[in-house]
Amino acid sequence: MTLLSVRKLSKAFGGNQVVRGVSFDVAAGEIVALIGPNGAGKSTCFNMLNGQIGPDSGEVLFDGMSIGSWSPDRIWRLGVGRGFQIAATFGSMTVRDNVRAALLSRHRAVWRFFRPASGLFTQEADALLARVGLTPLASQGCGTLAYGDLKRLELALAMSNQPRLLLVDEPTAGMTPTDRGAVTDLLLALARESGCAVLFTEHDTDAVFRIADRILVMDKGVLIAEGNPAAIRTNALVRAAYLGV
Amino acid sequence: MDFLAIQFLTGLSGSVSLFLTSAGLTVIFGVTRVVNFAHGSLFMLGAYIGWSILTRLPHDPLWFVAGVIAAALAVAAIGAALETTLLRRLYRLPELFQLLATFGVMLVIQDVTPLLWGPNDLPLPRPPWLRGFITIFGAHFPRYDLILIAVGPIVLAGLLLLLARTRFGMLIRACTENRDMAAALGVDQRRLSTIIFALGAGLAGLGGVLILPDTSANTQMDLSVIVEAFVVVVVGGMGSVTGAFLASLLIGELQAFGIVLLPKATLVLIFVIMAVVLSLKPHGLLGSIPLATIHQATRTPFRPASRRLRLLGWGAVVLMATAPFWLPPYWLSVLTEVLIAAVFACALHLMMGPGGMISFGHAAWFGLGAYGSALTLKTLAAPMPLALLAAPVVAGVIAALFGWFVVRLSGVYLAMLTLAFAQIVWATATQWTRLTGGDDGILGVWPSGPVPFFWWVLGLTVVAIRLLQRVIGSSYGLALIAARDSEPRALAIGLRPARLRMVAFALSGAAAGLAGGLFAFKSGSVFPTYVAVGKSVDGLLMVLLGGIETLIGPIVGAVAYTGLYDLLLQTTSMWRLALGLTIIALVLLFPDGLAGGRRRP
């Protein structure tokens, strides 16, 4: 079943056509990697999928609904979780309160002005933290976390709405090789146990070929190849884009 | 047709001085990222120094030009001195501290100027060659204003040439676009900053001296011009000289035609235009500088007060409740003032702490509350409790409307807009004499009823502060802090930062309004000074003194600041000078922010 369907998506910044007519599908429960050299238009493409940037033309269909002009908060409500290239968390809060904020939003409990938030959804928050392995750090300030742990926290935030699709922009950027492997494993485990689809961009090819069911390759704003890891390895266009041969 | 043309020319000439000043402000901001609150003072110094020079020179055109240039150069020198002694130390500080420190400079100059030139307005008698009129479209138009019209485009062309064609201009553009990269490529930012500050100050001085033949040098011109210049720079786009030119034309024409069409509503008209421009183009007409959001100092979580602190607090409340029986009237009055100040500070704290928004115009809500109360009492003959209820309602509703327009803006833009709005409320209070009594104010706003007024104040203070603290600890409070910490992440978990902030605006405005209403009854009167910039700065200083990161901070700050202020008022008539120097000293001594409470070794 097709969950996300992208049709002829285009975006230009000034005179610079960054994304040109990109189309692809992501099926429910599928893990798809979007790769390409620097400047290929991956991140722009990504930011159009969850409403950070509006596309110039083209369509984004999620579960049959056209969401191209929707704002990020509405898209999240549909069940799309997001991880950022540079971990975005709430720096002044404890790790648990980060997740609590997401749960308040999920349960539409944000507009309550007098009851202390500190007692709300604690169990649910701790369960999420347990899934990403942050239980020991739950009461710590987010500002004291190592970068790998921040990325885990991001995944917990992205999972807080029981998403059907996770959009993760470079989950392992800026991490040590050990951390990279661990976060990739975590992403894979989360996806498999919850059954949610994952679309991720990544420079770390190990991760890509290890966990992706299917790979999309972009170069200069265009989708140049698409297929399973084995097919992509041998694709002539991909070799040309990356290796110049 | 003739009338339109003449009004158009009037608008053109009126915009010149504003353009010069705003251009100075905008180039300084472009390179140093400092919003120079003292820019209006440099403008004022230009007028005063120009007066001193021009009244001593022979009355002929060449000497006039020479005098004008000399005055501008003198102000440029003052600007350079200011930059090397003070501003240089501010570049790495959060923008709020830059605004505060330069505001301190403005206060100091405000007290020093009358010392040097006397308290009276100084008109410059127009020499004969400047007095003439020229007949255009069958109407008389002052010759001086016609000359003035030419100055704007000349200076604009000069600045654009400087920016586009010279090596110095290239460096300025490089720093405006990307400071860090320019520094990495070896541009000496210290020297460049000094020169650019001198240039900006010189432009402000030029604006000040050129306005002399049309008005007189006076001690109010600093504030009025800085507010207009803020509007121009925000509308034109920060850092854009051409934008400043277009925006000052727009404002000049609006004023020229507005005074004929809607004499009472000119300021409101300007604000509406500004709101429209900013909602269509959040960075102004030609602005492109991506502004960082509010400086993220080391943020710590807001924690509910400890048990011991809470017991102490309630103990203090009980003790205060008995105060009317044993405290001398004077000290009871001081205590009342402290309580009201605490409400005001807590209101502002909600915006600045959890909300992460700088308000440089919180006096607007304080004043609207005060006028709301007084007018409900006077025109509706309502009893005091109802009048007090009107205060938060009036202020809160208007704050919600205003917030709806501005919450998408961040940092300096927001600070400037809140200031501009407060000035509009102030001008309305001054000019709408039929409703507000103008400078004479509204008198006879006395409390009534069997219970001493102090208990009303104490009760409402406790309720308001407890409510604000609960809001910060609530679900909503957590979401608001989330939006402050990371807007992209907040959106990505389904929160709506703009709406959260608008509500914070309304709540904060309502609480500040309540403080204003209480203050009206406490003083028995309401004056436009309740809405003046000084009141907004009072609030900022209280919040910063006490610390932004805690719930108790604003209360401590209110107590400390009210004490300091009363002390200054009692011991010196030069309280602006003393306050200004205190602010500068505080900012320099606590470079990491008073809030952090950390002192540099």
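**Interfaces of chain B in a predicted model**

**View 1. Polar pairing between the two domains of chain B.** Between domain 1 and domain 2 of chain B, the count of residue pairs in polar contact, with both residues at pLDDT 80 or more, is zero, and the rule likewise finds zero salt bridges across this interface. The model is a predicted one, and its domain assignment for chain B places domain 1 at 13–220 and domain 2 at 320–533.

**View 2. The area buried between domain 1 and domain 2 of chain B.** The two domains of chain B bury about 730 Å² between them, with 93% of that area on carbon and sulfur atoms. On the side of domain 1, the residues that lose the most area to domain 2 are B:F37, B:E95 and B:L96, which together make up 53% of what that side buries. Helix α4 (residues 95–117) of chain B gives the largest share of this side, five residues, and by class the side has seven nonpolar, no polar and one charged residues.

**View 3. The contact of chain B with chain A.** This contact takes 30 residues from chain B and 31 residues from chain A, and the area buried between the chains is about 2,600 Å², of which 67% comes from carbon and sulfur atoms. B:L478, B:R489 and B:I493 supply 27% of the area that chain B buries against chain A, more than any other three residues.

**View 4. Salt bridges and polar contacts between chain B and chain A.** The count of salt bridges between the chains is two; B:R496 and A:D73 meet through their side chains in a salt bridge at 3.4 Å, N to O. Residue pairs in polar contact, both at pLDDT 80 or more, number 16 between these chains. The largest share of the side of chain B that touches chain A, eight residues, comes from α21(B), and the residues of that side divide into 17 nonpolar, six polar and seven charged.

Key. Residues numbered from 1 in each chain as written. Chains lettered and ligands numbered in written order. Predicted model: local features only at pLDDT ≥ 70, side-chain atom pairs only at ≥ 80, totals over all residues. Heavy atoms only, no water. Domains from an automatic or database assignment. Buried area = accessible area lost by both parts, 1.4 Å probe. Salt bridge = Lys/Arg side-chain N within 4 Å of Asp/Glu carboxyl O. Polar contact = N/O pair within 3.5 Å; in protein donor to acceptor, adjacent residues only side chain to side chain. Helix = DSSP H or I, 4+ residues; strand = E, 2+ residues; numbered from the N terminus. Nonpolar A, V, L, I, M, F, W, Y, C, P; charged D, E, K, R; others polar. Contact = heavy atoms within 4.5 Å.
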